[in-house]
Amino acid sequence: MRRRVAIGILGTVLDASGRDDRWKKWRPTVALCQQPGLFIDRLELIHDERSRRLAGQVIADIEQVSPATEVRSHIIGMKDPWDFSEVYTGLRDFARAYQFDPEKEDYLVNITTGTHVAQICWFLLTEAHFIPARLLQLSPRKEGSDHPTGSHSIIDLDLSRYDAIATRFAAERDEATSFLKSGIATRNPAFNQMIDQIEKVTIRSRAPVLLTGPTGAGKSQLARRIYELKKAQRQVSGAFIEVNCATLRGDQAMSTLFGHVKGAFTGAQSGRAGLMKSADKGVLFLDEIGELGLDEQAMCLRAIEEKRFLPVGADQDVMSDFQLLAGTNRDLSIGVKEGKFREDLFARLNLWTFQLPALRDRKEDIEPNLDFELRRFGEREGQNVTFNKEARDLYLKFAIAPEAMWRANFRDLSASVTRMATLAPLGRINEETVREEMKRLTVLWRAGDPDDREAVLSEVLGAERQSRIDMFDRAQLATVLEVCRDSSSISAAGRRLFAISRLRKTSGNDADRLRKYLMRFGLSFEDIVGK
């Protein structure tokens with residue numbers, strides 16, 4: 001059986017009494033260890049320094065009435081027990097530091113003692129699963145009752161009712177072991193060394209920094225942390241401005257980055273400052289900078305070097321003193337050779353270039369990032385979700401296996417944790433939840449894998465028929481087969497495959513179009529979904 005552990009605050013009023021008459025008074029903390037049918041194996045007793053003497057008396061009395069109950073004293077310094085922020089922070093820090101083991105111990109939080117503020121905080125922390133416990137309420141002896149120590153009731157919260165309340169008091173981010181790593185205890189030596197270098201550059205230099213690496217490797221998050229570090233060091237006072245250059249095209253790119261004056265072009269009914277001006281005294285992060293056109297690149301170079309630029313349609317320069325961070329998943333040196341990226345801008349950016357590795361190249365960091373994503377989910381959703389040991393081991397074994405592709409890198413991991421945490425029963429991710437997620441990821445990674453697409457074709461057509469189909473037709477047919485297998489009916493598959501022509505109303509019966517297409521290869525929808 002699991003050991004029963006109670007957690008409570010020493011009642012400075014209810015638990016206090018004179019030395020001689022203390023046994024005549026109902027004291028809830030002592031009565032807690034005298035409840036019929038509720039033996040307490042261990043009591044975690046919280047109090048402040050001023051109540052040390054009272055705590056000693058209560059602990060001694062518990063030893064008399066329940067010698068087998070272990071009592072642990074925890075001193076938490078709270079100057080004002082009615083200050084919500086102070087009390088919540090103190091109890092939350094206690095919960096974070098406590099080594100809960102719900103598989104071996106059953107936890108009860110005693111809300112009978114402490115201020116009303118403390119009781120509310122206990123409720124919020126328990127409701128959000130930061131404390132994996134039920135609430136315990138003690139009551140004094142009622143007239144005519146056979147129990148001189150009073151009675152108790154255990155409250156098992158309906159956690160679904162209070163999402164809005166708990167979200168408002170979600171825990172703050174953990175203090176960073178390294179500011180730029182968001183408190184993640186990463187283990188990859190090369191990555192840790194790179195982060196240490198970035199930290200030094202961030203503090204000591206205002207030169208542009210280029211972050212390279214595959215999509216989802218964490219460039220945007222690292223850029224924001226660089227800004228927060230510089231702001232904490234009082235090196236910047238302005239805002240962090242982020243723009244994805246892949247979304248900018250033509251005149252829109254110029255106007256978005258550099259602004260425009262009223263009447264600069266058709267539809268410019270008012271002036272616009274532009275993002276470079278908005279980043280004055282702050283940091284501008286140009287993600288996917290390799291997507292910028294050559295004209296925008298030229299203006300960016302001048303803005304970096306001279307701290308001035310010319311808005312669209314303007315006659316006078318605008319000043320803006322910002323630090324530039326740039327991100328790309330491309331090799332800009334190849335862009336330079338192909339004439340798609342300015343060599344002088346590349347030289348300016350290439351002073352400090354840092355290559356962020358793909359997640360599959362630093363699999364030893366999956367475990368600490370798994371914990372980080374769980375904490376982020378808790379902060380975002382107001383629920384503390386954990387793995388049981390077997391489920392965690394199963395997921396990590398799958399995550400670090402050679403077959404784990406992590407195509408979208410940390411975006412894959414973040415989405416995976418979000419799905420498991422959302423589906424976890426009672427905030428506990430079990431093996432069944434993990435196995436379902438492993439199937440999802442496997443399907444996701446295989447989609448778009450050329451070898452896998454060829455295998456699907458071979459499975460449906462057979463090797464001989466497949467060999468008689470042109471490469472052009474094989475690529476198209478493979479996509480059609482994937483959509484069919486992922487659809488509930490031929491009509492649903494047709495709606496997905498002909499979605500654009502449907503919008504233009506040039507498509508007739510989608511299911512009929514798909515049926516005729518499959519007939520060209522001697523196939524039917526039933527043949528595909530049945531294989």
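## Strand S7 and its partners

In strand S7, which covers residues 209-212, the side chains alternate in direction, with Val209 and Leu211 pointing one way and Leu210 and Thr212 the other way, and all of them are buried. This description, like everything that follows, refers to a predicted model.

S7 is joined to strand S12 (residues 323-328) by four bridges, the two strands running parallel, and within this pairing Gly327 of S12 is the bridge partner of Leu211. Strand S13 (residues 353-355) also runs parallel to S7, to which three bridges join it, and here the residue that stands opposite Leu211 is Phe354. Leu211, itself buried, therefore has a partner in S12, namely Gly327, and one in S13, namely Phe354.

## The surroundings of Thr69

Thr69 lies in the loop between helix H2 (52-65) and strand S3 (70-75). Because its relative accessibility is 8%, and buried means under 20%, Thr69 counts as buried.

The side chain of Thr69 reaches the backbone oxygen of Ile40 at a distance of 2.7 Å. Ile40 also appears among the residues in contact with Thr69 once neighbours within four places in sequence are left aside, a list that further includes Cys33, Phe39, Asp41, Arg42, Leu43 and Ile62.

## Confidence of the model

The average pLDDT of the protein is 85, and 89% of the residues score at least 70. Over residues 159-177, however, pLDDT stays under 50, and for this stretch the model has 39 contacts beyond four places in sequence.

How values were computed
Residues numbered from 1 in each chain as written. Predicted model: local features only at pLDDT ≥ 70, side-chain atom pairs only at ≥ 80, totals over all residues. Heavy atoms only, no water. pLDDT = per-residue confidence, 0-100. Contact = heavy atoms within 4.5 Å. Buried < 20%, exposed > 50% of the residue type's maximum accessible area, 1.4 Å probe, protein only. Polar contact = N/O pair within 3.5 Å; in protein donor to acceptor, adjacent residues only side chain to side chain. Pairing = 2+ DSSP bridges.
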